[in-house]
Amino acid sequence: MTDKSLSQEKLSEIKENFAFFDSDNNNEIDKDEFLQLLRVISPKTTKEQAESGFAMVDENNDGHIDFEEFIDWWQACWWEY
Ligand SMILES: [Ca+2]
Ligand SMILES: [Ca+2]
């Protein structure tokens, strides 16, 4: 678990978003789910953009975004959109 100064409130908000985009509820965001997520944020996101974004978020390169990777990404990137 991340030890960054993240409030419980913020954490549960991120958790909600994670669960929302994890459409098959396996506690990981896969590439298709990530594409859906990006399209919500920016409808013109291409598959290629999603692929390269995914590779950046998936820090351990196991082909899935787990919750900890999602938190890091969410904090780093969300405000840019
Ligand atoms: Ca999933
Ligand atoms: Ca991963």
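Is Asn27 buried or exposed? Asn27 counts as exposed, because just 11 C-beta neighbours sit inside 10 Å, and the cut-off for that label is 12 or fewer. Keep in mind that this is a predicted model.

**Close-up 1. Asn27 sits in the loop between α1 and α2.** Here we zoom in on the residue from the opening question. Have a look at the backbone: phi of Asn27 is near 65 degrees. That's a positive value, and Asn27 is a residue other than glycine.

**Close-up 2. Asn25 also has a positive phi, near 55 degrees.** Asn25 is another residue other than glycine. You'll find Asn25 in the loop that links α1 (8-21) and α2 (31-41). Asn25 has 7 C-beta neighbours inside 10 Å, so Asn25 counts as exposed.

**Close-up 3. Nine residues make up the largest nonpolar core.** The full cast is Phe18, Ile29, Phe34, Leu37, Leu38, Phe54, Ile65, Phe70 and Trp73. Two helices, α2 and α4 (67-77), each chip in at least two residues of this core. The largest share comes from α2, which supplies three residues.

**Close-up 4. Phe34 and the residues it touches.** Let's stay with one member of the core, Phe34. Leave out residues up to four places away in sequence, and Phe34 touches Ile29, Ala50, Phe54 and Ile65. Ile29, Phe54 and Ile65 turn up in the list for the largest nonpolar core as well.

Conventions: Residues are numbered from 1 along each chain as its sequence is written. Chains are lettered from A and ligands numbered from 1 in the order in which they are written. This is a predicted model: local features need pLDDT of at least 70, side-chain atom pairs count only at pLDDT 80 or more; totals for chains, interfaces and linings use all residues. Helices (H or I, at least four residues) and strands (E, at least two) are DSSP runs, numbered from the N terminus. A residue is buried if 20 or more other C-beta atoms lie within 10 Å of its own, exposed if 12 or fewer, and partly exposed in between; C-beta atoms are placed from the backbone. A nonpolar core is a set of buried Ala, Val, Leu, Ile, Met, Phe, Trp, Tyr and Cys residues joined through C-beta atoms within 7 Å. Two residues are in contact if their C-beta atoms, placed from the backbone, lie within 7 Å.
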